[in-house]
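Biologist: I have a structure open here and I'd like to go through its pockets, cavities and helix packing with you. Could you show it first?

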Amino acid sequence: MTRPIYIGGASGFWGDTAMSTPQLLGSEKLDYIVYDYLAEITMSIMARARAKDASLGYAVDFVSVVMKQNLKTIADKGVKVLSNAGGVNPEACGKAIRALVAEMGLSLKVAVITGDDLLASAHELFEDGYGEMFSDDPFPDPEKIASINAYIGAFPIAKALSEGADIVITGRCVDSAVTLGACIHEFGWDERDVDLLAAGSLAGHIIECGPQATGGNFTDWEDVANDLVNIGYPVAEVSSDGSMVITKPEDTGGKVSIGTVAEQMLYEIGDPQAYVLPDVVCDFSGVELEEIGVDRVAVSGAKGRAATDTYKVCATYADGFRGGLLMSFYGIDAARKARSFADAAFARADKFLRLSNAGDYTEKSVEILGSESQYGDFGSGQDAREVVLKIGVKHPDMRAVGLLLKEATGLGLATPPGLSIFSSGRPKPSPVVRLFSFLLPKNKIAIEIDLEGEKIPYVPALALEQTDVPIVEVPEAPDLSGETVDVPLIKLAWGRSGDKGNKANIGIIARRAEYMPYIWAVLTEAEVKSRFCHFLEGDVERFHLPGSHSINFLLHDVLGGGGVASLRNDPQGKGYAQLLLSANVTIPKTLAESL
């Protein structure tokens, strides 16, 4: 195929809006729709559903809502569907899709890719002694494990397409693999085409979170605030040489700009020169973005290195219980009142824990939202007159967590004045689900494609020779010898943040190339560490991406365990960029005059 292929990104998480599919199907040009439903938390939720009912464990609404409402149009337009909606039970998802196809009298072939689910091998993996890839912690107790899934790649998806599949359902594949799989199939790329594989992966990464590439979570949110209700979902126009244009359907809200695309490019990538995927190791440090029209951004410059010989595998396992509640206070000294209430609630609960010899809480959390508690030492909201108190605890015993919830509620008539509660009823304890990531040799995983009953094995290609990582030059120290002023970082840059387990990524993109030296000079690892010291338990790494005039920060052990293992108000670091954008940057006064 010589023309570009058009791939629409219709889902970024389990729960995303159903309006995206008909919106994308209304596009004049569309070859594929891809859906990403899975996160580590989602896998544990689906695993619990499957444990209760063997027919569940997948994104049910993908079948009952998205496909049921749109499958006839998909078939009529010849659009192919690629999705990881299979979760921990892709066979059940495939069965439901095939039943729907038959019910609607359509002629569509459905392929189901399996092999990522390793739960049956939990005891064997435990005996083999795999350590956690970041902390080197020992493998968890197999009896406490809810799910174990390898992140498989794009080549099995491409093979399913080449065998004639119209709809491909996977379990836990890499988010961007559904897009890359379409590119591999259409353009005939193979494992040696590492730069092309990196480009296809980048296209998938940009559209995998849906409208986060078209104005969602955008720093300049006011640019799109008036039409978020009809925000457009992204379309990647990918060519055989790896070049691409990111756009969205006509007459939809949001926007596609250098800022929106760059924010999503940096989202959760860690080291931009070593974004490791099953099919390729990507280097996005030299990627360049260019606005070539209204809502059209050209993306080029992705580089790749040979894939590793391992798959990343993530297990989720139970580790006690957690619970908490929200209460608001308003009036004079609201923050002090909230703190006093929290201290009293913990003191009461601690007293009864000692009387029952239940052991202390393993973790406590107090956050007073509205008093700038998220800003740590850089906060300035202690005089706030209305706040929300969030308290939480962890304990191995569910009853001990319930004790805090009971005693906090029981203080309702003994509280400082100004307490108000919107919700009714007392919250209940919930399981703490932790993430355990490790690397497993690819030859230990048997991937199979089921195409309408025909079983087709997939065998990964032999590992290619690794190449050296090029050195990226960092900005030189700027000249600040003349008259200077301090301006907020948000005037000079866009920012986006997110999580990977217990790590947070913060991407900062200079609005203009000439701003980068000044930003780099101020946002040192030490400066970022100081701004997050109230959260941070590990180190901070800083990476430069000269192609997009940006920086990516990787904060280790900063999310209190991350996901549902965390007691934090923001357990996924989604607002961390907003905290950093309030930092001041020193620039020449002459430069400030152009802002």
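Modeller: Before we start on pockets, one convention is needed: Ala, Val, Leu, Ile, Met, Phe, Trp, Tyr, Cys and Pro count as nonpolar, Asp, Glu, Lys and Arg count as charged, and the others, Gly among them, count as polar. Please also keep in mind that this is a predicted model.

Biologist: Okay, so by class, what is in the lining of the second largest pocket?

Modeller: With that convention, the lining of the second largest pocket has 13 nonpolar, ten polar and eleven charged residues.

Biologist: And what volume does the second largest pocket have?

Modeller: Its volume is about 710 Å³, and of the 34 residues that line this pocket, Phe-13, Ala-39, Asp-499, Gln-572 and Lys-574 are the closest to its centre.

Biologist: Which element gives the largest share of that lining?

Modeller: The largest share of the lining of the second largest pocket, four residues, comes from α2, while α2, β18 and β22 (493-500) each supply at least two residues.

Biologist: Now the largest pocket: how much space lies in it?

Modeller: About 1300 Å³ of space lies in the largest pocket, which is lined by 50 residues, and those nearest its centre are Phe-134, Lys-312, Ser-437, Lys-500 and Lys-503.

Biologist: Which elements supply at least two residues there?

Modeller: For the lining of the largest pocket, these are β9 (275-276), β14, β18 (430-441) and β23 (503-510), and β18 gives the largest share, with five residues. By class, that lining has 20 nonpolar, 13 polar and 17 charged residues.

Biologist: Switching to cavities, how many are there of 30 Å³ or more?

Modeller: The count comes to four cavities of 30 Å³ or more, and about 60 Å³ of space lies in the largest cavity.

Biologist: What lines the largest cavity?

Modeller: The lining of the largest cavity is made of Glu-40, Met-43, Ser-147, Asn-149, Tyr-151, Arg-172, Cys-314, Thr-316 and Leu-435, and the elements that give two or more residues to it are α2 (40-52), β5 (145-150) and β14 (310-330). These lining residues divide into four nonpolar, three polar and two charged.

Biologist: Helices next. At what angle do α3 and α4 pack?

Modeller: Helix α3 (residues 60-77) and helix α4 (residues 90-103) pack at an angle of about 30°, and their axes are 11 Å apart. Angles under 35 degrees count as roughly parallel, and α3 and α4 are therefore roughly parallel to each other.

Biologist: Which residues make that contact?

Modeller: On the α3 side the contact is made by Phe-62, Val-63, Met-67, Lys-68 and Leu-71, and on the α4 side by Cys-93, Ala-96, Ile-97, Leu-100 and Val-101. By class, the contact of α3 with α4 has nine nonpolar, no polar and one charged residues.

Biologist: And how do α7 and α8 pack?

Modeller: Helix α7 (residues 177-187) and helix α8 (residues 194-207) pack at an angle of about 140°, with axes 7 Å apart, which makes α7 oblique to α8. The contact is made by Thr-179, Leu-180, Cys-183 and Ile-184 of α7 together with Leu-197, Gly-200, Ser-201, Ala-203, Gly-204 and Ile-207 of α8, and by class this contact of α7 with α8 has six nonpolar, four polar and no charged residues.

Biologist: Last one: is the crossing of α7 and α8 left-handed or right-handed?

Modeller: The crossing of α7 and α8 is right-handed, and α3 passes α4 in a right-handed crossing too.

Definitions and conventions:
Residues numbered from 1 in each chain as written. Predicted model: local features only at pLDDT ≥ 70, side-chain atom pairs only at ≥ 80, totals over all residues. Heavy atoms only, no water. Axes fitted to C-alpha atoms, helices over the stretch in contact; angles between N-to-C directions. Parallel < 35°, antiparallel > 145°, perpendicular 65-115°, else oblique. Left-handed = near helix turned anticlockwise from the far one by under 90°. Contact = heavy atoms within 4.5 Å. 1 Å grid on protein atoms, 1.4 Å probe; cavity = no way out; pocket = protein on both sides within 12 Å on 5 of 7 lines; lining within 4 Å. Points joined across faces, edges and corners; volume = space filled by probe spheres on them.
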